[in-house]
Amino acid sequence: MKVVYITGCLGFIGAYVTRECLNKGWLVYGIDKCTYAADPSLLDEFNQYDNFRFEKKDIKEISTLKDCDYVINIAAESHVGNSIIDSEVFINSNVVGVQNLLELIRQKPENCFRRPVFLHFSTDEVYGDILKGRSIENSSYMPSSPYAASKASSNHLVFSYIKTYKIPAIITNCSNNYGPKQHPEKLIPKLIYNILNNKSLPIYGKGLNSREWIYVDDHCEALIKVSKNGKIGNFYNIGSNKNLNNL
């Protein structure tokens with residue numbers, strides 16, 4: 001049986017990954033600090049599985065890891081607008097929290113027989129505004145928001161631990177996700193909610209900003225494949241190759 005830690009297990013993407021791992025029969029240690037973006041009702045579903053264990057915790061406060069095969073880090077502050085208002089919480093979660101997880105893996109507690117593979121989930125926003133073509137895995141980082149900068153920083157941090165400490169880690173950068181139960185602060189659910197409630201539709205500018213969208217189940221399937229088949233030290237971009245402008 002595979003044993004996996006999943007941080008941010010009650011968030012939008014984390015919940016899908018957790019469900020996928022539980023259905024595979026993996027033993028899942030779920031961690032979430034239960035911010036506004038978490039869905040605590042998911043615990044009613046996940047606690048029905050005998051192979052699920054939960055701990056309410058901030059990733060920067062975790063002090064030990066049990067013996068495991070993977071640590072899948074999905075926990076993150078991810079709202080661009082919030083990062084512009086207050087960037088400190090993004091640095092604490094997305095950088096300091098990641099550094100804590102890396103240190104736990106580097107030190108490998110005595111009860112661990114091996115270092116787990118650290119799968120670090122990140123975003124295509126680290127590449128900034130792409131005016132022509134598409135980003136590839138070795139494109140330069142040009143983040144344009146504190147959120148994107150915090151994720152870019154965490155990616156660099158993970159890679160430095162791969163090089164310096166030989167941590168077995170893989171980094172994924174994914175495009176915009178959508179799907180059922182996404183938090184209504186995100187574009188698609190916000191617009192759906194406003195339409196159903198006869199409210200105005202908050203489209204930024206003229207609505208010409210282009211985004212690449214991927215269905216959350218497809219993203220989670222890719223994450224599981226990367227965790228099992230990805231090459232240690234590699235970056236993997238995950239997307240649908242389908243761009244649409246906001247309008």
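What radius of gyration would a compact globule of 247 residues have, and what does the protein have? I began with this because the answer, near 18 Å for such a globule and 18 Å for the protein, shows that the two agree. I keep in mind throughout that I am reading a predicted model.

**Entry 1: the whole chain**

I looked up the secondary structure next, and found seven helices and 10 strands in the protein. Along the principal axes, the C-alpha atoms fill a box of roughly 55 × 40 × 35 Å. I then asked how much of the chain is covered, and noted that 47% of the 247 residues count as buried. The accessible surface comes to about 12,900 Å², and carbon and sulfur atoms hold 51% of that area. For contacts with a separation of 6 or more, I noted that 76% are between residues 24 or more positions apart. I also looked up the charges, which come to 28 positive and 25 negative side chains, with the centres of the two sets 4 Å apart.

**Entry 2: strands β1 and β2**

I turned to strand β2, residues 27-32, and asked why it can be called largely enclosed by the rest of the structure. The reason is that six of its six residues are buried. Looking at its two faces separately, I found Leu27, Tyr29 and Ile31 on one side and Val28, Gly30 and Asp32 on the other, and both sides are covered. Strand β1, residues 3-7, pairs with β2 in the parallel sense, over five bridges. Within this pairing I located tyrosine 5, which stands opposite tyrosine 29 in β2.

**Entry 3: strand β5 and its partners**

Strand β5 covers residues 117-123, and I noted that seven of its seven residues are buried. Val117, Leu119, Phe121 and Thr123 point one way from β5, while Phe118, His120 and Ser122 point the other way. Which strands does β5 pair with in the parallel sense? I found β4, joined to β5 over four bridges, and β6, joined to β5 over six bridges. On the β4 side, valine 71 stands opposite phenylalanine 118 in β5, and on the β6 side, threonine 123 has cysteine 174 as its bridge partner.

**Entry 4: three buried residues**

I looked up threonine 172 in strand β6, residues 169-174, and found that it is buried, with a relative accessible area of 0%. Leaving out residues up to four places away in sequence, threonine 172 touches a run of β5 residues that I recognised from the previous entry, Leu119, His120, Phe121, Ser122 and Thr123, and also Leu223, Val226, Tyr236 and Ile238.

Serine 227 lies in helix α7, residues 216-229, and its relative accessibility of 5% is under the 20% limit, so serine 227 counts as buried. Beyond its neighbours within four places in sequence, serine 227 is in contact with Trp26, Tyr70 and Leu119. I noted that Leu119 appears in the contact lists of both serine 227 and threonine 172.

Isoleucine 74 lies in a loop, between β4 (70-73) and α3 (80-85). Is isoleucine 74 buried or exposed? I found that isoleucine 74 is buried, at a relative accessible area of 8%. Its contacts, not counting neighbours within four places in sequence, are Ile6, Thr7, Ile13, Gly14, Val17 and Phe121. I also looked up isoleucine 192, which is 118 residues from isoleucine 74 along the chain, and the two C-alpha atoms are separated by 25 Å.

**Entry 5: loop residues with more exposure to check**

Cysteine 34, in the loop between β2 and α2 (42-46), has a positive phi near 60° although it is a residue other than glycine. At 29% relative accessibility, cysteine 34 counts as partly exposed.

Asparagine 198 also has a positive phi, of about 55°, without being a glycine. I placed asparagine 198 in the loop between α6 (187-196) and β8 (210-215), where it is exposed, with a relative accessible area of 73%.

My last residue was asparagine 241, in the loop between β9 (235-238) and β10 (243-245). Asparagine 241 is exposed too, with a relative accessible area of 56%. Which residues does asparagine 241 touch, not counting those up to four places away in sequence? I found Arg134 and Glu212. I closed by looking up leucine 131, which is 110 residues from asparagine 241 along the chain, their C-alpha atoms being separated by 15 Å.

How values were computed:
Residues numbered from 1 in each chain as written. Predicted model: local features only at pLDDT ≥ 70, side-chain atom pairs only at ≥ 80, totals over all residues. Heavy atoms only, no water. Rg over C-alpha atoms; globule rule 2.2 N^0.38 Å. Buried < 20%, exposed > 50% of the residue type's maximum accessible area, 1.4 Å probe, protein only. Contact = heavy atoms within 4.5 Å. Areas by Shrake-Rupley, 256 points an atom, 1.4 Å probe, with all protein chains shown as cover. Lys, Arg positive; Asp, Glu negative; His and termini not counted. Charge placed at Lys NZ, Arg CZ, Asp CG, Glu CD. Pairing = 2+ DSSP bridges.
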